[in-house]
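Reader: I'm comfortable at the bench, but less so with a structure on screen. Could you walk me through how to read one?

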Amino acid sequence: MENQVLTPHVYWAQRHRELYLRVELSDVQNPAISITENVLHFKAQGHGAKGDNVYEFHLEFLDLVKPEPVYKLTQRQVNITVQKKVSQWWERLTKQEKRPLFLAPDFDRWLDESDAEMELRAKEEERLNKLRLESEGSPEKSFYDTFHTVADMMYFCQMLAVVETINAAIGVTTSPVLPSLIQLLGRNFILFIIFGTMEEMQNKAVVFFVFYLWSAIEIFRYSFYMLTCIDMDWKVLTWLRYTLWIPLYPLGCLAEAVSVIQSIPIFNETGRFSFTLPYPVKIKVRFSFFLQIYLIMIFLGLYINFRHLYKQRRRRYGQKKKKIH
């Protein structure tokens, strides 16, 4: 006759990114703890409710978790930490609705969802403050603090850029609408969504390069337009306006692409802008999926704008063919 399987008392709690399990076994050494196919397997020799014996249990989680549990042994218990694959609040721990008899809430660590969100925000603020302090102590402070220095001005300028697209649409200017619209939407997406909503992105070096390349392009372009309004043609400025875009536009798009790539793991970790399709599909759609599509659109937009600017430059500097008599 097979021996009865003994299960220890297990207490659990959660945060948006982690699960905590406390196994009530004392004097445990070398436990076997693993996660396979989203199921936690535990087996260990220890002293529990049924004395000194081998105890084991298995838990299938409600949602996906990372298959690398971390545990810590103390004299009285085993503490296990499991990382969720997607940062979100679970309505229960296990896939089965009925709670196993050996499982109970860990009220020493228990928080409801609103309290956990406050704790998460407090940790994020602490981490960001630490990053700011580190950047302030660095000689390259301005390099990594670009967003906090010029963000308000960039917001203002990009909102004014709507006028350029409107002018093209209603015929005030002869510029085609599509290149102007592509640039407006692309830059606003990077500024307001990638940088504006993700504080983790605001201290990255790529922000400096994106803002620098955008500004370098527009300084010469708008200066050229202002002189044109008063019928002035400064040949050096005209040449810069029709030439500098050749290196600056690809570099600007490359910097935008780098910012999108760097933001993907952050959006995955925080779950921001992700959503679940309604029943019966119930598939979680991550925002990073749309970011990957947007990466392709960045270079498609580059091709459209590059072709438009090349035609402008060719009209301005194209060589006129001379007839040979």
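Author: Let's go from the whole chain down to single residues. One thing up front: this is a predicted model.

Reader: Fine. Where do I begin, and how many helices and strands are there in the chain?

Author: Begin with the secondary structure. Here you'll count nine helices and 10 strands.

Reader: And what does the radius of gyration say about the chain?

Author: The idea is to set the value against what a globule rule gives for that number of residues. For these 325 residues the rule gives 20 Å, but the chain comes out at 29 Å, so it is more spread out than a compact globule. You can also look at the box around the C-alpha atoms: along the principal axes it's roughly 110 × 50 × 35 Å.

Reader: How much of the chain counts as buried?

Author: For burial, you ask how much of a residue's area stays accessible; under 20% is called buried, and over 50% exposed. In this chain, 38% of the 325 residues count as buried. As for the surface, the chain exposes about 20700 Å², with carbon and sulfur atoms supplying 59% of that.

Reader: What about contacts between residues far apart in sequence?

Author: Take the contacts between residues at least 6 apart in sequence, then ask what share spans at least 24. In this chain that share is 65%.

Reader: How far apart are the mean positions of the positive and negative charges?

Author: You average the places of each kind of charge and compare the two points. With 40 positive and 35 negative charges, the mean positions sit 13 Å apart.

Reader: Now single residues. Where is Y20 found, and is it buried or exposed?

Author: Place the residue in its element, then check its cover. Y20 is part of strand β2, which covers residues 18-23. Its relative accessible area is 9%, so Y20 is buried.

Reader: Which residues does Y20 touch?

Author: Leave out anything up to four places away in sequence, and Y20 touches Y11, W12, A13, Q14, R15, I80, T81 and R109. There's also a polar contact of 2.4 Å between the side chains of Y20 and E18. For a spacing along the fold, try Y20 and K72: they are 52 residues apart along the chain, and their C-alpha atoms are separated by 11 Å.

Reader: Can we try a residue in a loop? Where does P31 lie, and what does it touch?

Author: Same routine. P31 lies in the loop between β2 and β3. At 10% relative accessibility it falls under the 20% cut-off, so P31 counts as buried. Beyond its neighbours up to four places away in sequence, P31 touches F42, K43, A44, Y71 and L73. The C-alpha atoms of P31 and V78 are 9.0 Å apart, with the two positions 47 residues apart along the chain.

Reader: And the helices? Where is S263, and is it buried or exposed?

Author: S263 belongs to helix α8, residues 245-270. Its relative accessibility is 0%, which means S263 counts as buried. Setting aside residues up to four places away in sequence, it touches I194, M201 and L291.

Reader: Which side chain makes a polar contact with Q312?

Author: R241 does, at 3.5 Å. Q312 sits in helix α9, residues 287-317, and is buried with a relative accessible area of 15%. Apart from residues up to four places away in sequence, Q312 touches R241 and Y242.

Reader: What about a helix residue like V150: where does it lie?

Author: V150 lies in helix α3, residues 146-160. At 29% relative accessibility it is between the two cut-offs, so V150 counts as partly exposed. V150 and V260 are 110 residues apart along the chain, and their C-alpha atoms are separated by 20 Å.

Reader: Last one, backbone angles. What is phi of D231?

Author: Here you look for positive phi in residues other than glycine. D231 has phi near 60°. Its place is the loop between α6 and α7, and with a relative accessible area of 73%, D231 is exposed. F273 is another case, with phi near 65°. You'll find F273 in the loop between α8 and β9, where it counts as partly exposed at 38% relative accessibility.

Terms used:
Residues numbered from 1 in each chain as written. Predicted model: local features only at pLDDT ≥ 70, side-chain atom pairs only at ≥ 80, totals over all residues. Heavy atoms only, no water. Helix = DSSP H or I, 4+ residues; strand = E, 2+ residues; numbered from the N terminus. Rg over C-alpha atoms; globule rule 2.2 N^0.38 Å. Buried < 20%, exposed > 50% of the residue type's maximum accessible area, 1.4 Å probe, protein only. Contact = heavy atoms within 4.5 Å. Areas by Shrake-Rupley, 256 points an atom, 1.4 Å probe, with all protein chains shown as cover. Lys, Arg positive; Asp, Glu negative; His and termini not counted. Charge placed at Lys NZ, Arg CZ, Asp CG, Glu CD. Polar contact = N/O pair within 3.5 Å; in protein donor to acceptor, adjacent residues only side chain to side chain.
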